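Got the viewer open and ready? Let's take a short walk through this structure, one selection at a time.

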Amino acid sequence: NQAIVCLKRSLDCYEKEGGESIEQAMAMERLSTVYMNMGNHLSEAREIAEKAFKFAERRFGTENNTTADIIYNLGCIALSDARSGLGGVDQEKAEQWLRKALDIK
């Protein structure tokens, strides 16, 4: 997938530059979205979104719009997991992530 290749290259560039930029967090969020939308790559989507969340929470806090976007992705991934029976995540957990994202926005 071309989007995955491009986003991974972007992340490599950000990591080589050093520091922790908002663009790096956004690229991670977008990469998790691409994996989630592919359907059969939920574990990759979840792994990247969780990494992005830890990054954004540490760097920008929990009241940041980019952090909220990542939290939203985590909710969507959890909802997809619940619907497919993967990951042992229930729909209530997904709803908690989604509500948290809305509260921040």
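Start by selecting Ile22, which sits in helix α2 (residues 22-37); helices here are DSSP runs (H or I, at least four residues), numbered from the N terminus. Before you go on, note that this is a predicted model, where local features need pLDDT of at least 70, side-chain atom pairs count only at pLDDT 80 or more, and totals for chains, interfaces and linings use all residues. Residues are numbered from 1 along each chain as its sequence is written, and side-chain values use heavy atoms, with hydrogens and water left out.

Is Ile22 buried or exposed? Neither: Ile22 is partly exposed, because its relative accessible area is 26% (buried is under 20%, exposed over 50%, partly exposed in between, with a 1.4 Å probe and protein chains only). Show what surrounds Ile22: leaving aside neighbours within four places in sequence, Ile22 is in contact with Phe60, Asn64 and Thr66 (contact means heavy atoms within 4.5 Å). Add Arg59 as well; Ile22 and Arg59 are 37 residues apart in sequence, yet 8.6 Å apart in space, C-alpha to C-alpha.

Stay in α2 and pick Gln24. Gln24 counts as buried, because its relative accessibility is 7%. Beyond the neighbours within four places in sequence, its contacts include Leu11, Tyr14 and Phe55.

Now select Phe55 together with Phe60. How many aromatic pairs does a search of the whole structure find? One, and here it is: Phe55 and Phe60 are edge-to-face, 6.2 Å centre to centre with 65° between the planes. Rings of Phe, Tyr and Trp (its six-membered ring) pair if their centres lie within 6.5 Å; planes under 30 degrees apart are stacked, over 60 edge-to-face, and the rest tilted. Phe55 is buried at 7% relative accessible area, while Phe60 is partly exposed at 22%.

Next, colour helix α3 (residues 42-60). Its 19 residues should span 27 Å, and the end C-alpha atoms are 25 Å apart, which agrees; the expected span is 1.5 Å times one less than the number of residues. Just after α3, find Gly61, which takes a positive phi of about 90°.

Last stop: the largest nonpolar core, with 26 residues. Such a core is a set of buried Ala, Val, Leu, Ile, Met, Phe, Trp, Tyr and Cys residues joined through side-chain atoms within 4.5 Å. The largest share, eight residues, comes from α3. Met28, Leu31, Tyr35 and Met36 have the most contacts inside this core. Finish on Tyr35, whose contacts outside its neighbours within four places in sequence include Ile4, His41 and Ile48.

Note on methods
Helix = DSSP H or I, 4+ residues; strand = E, 2+ residues; numbered from the N terminus.
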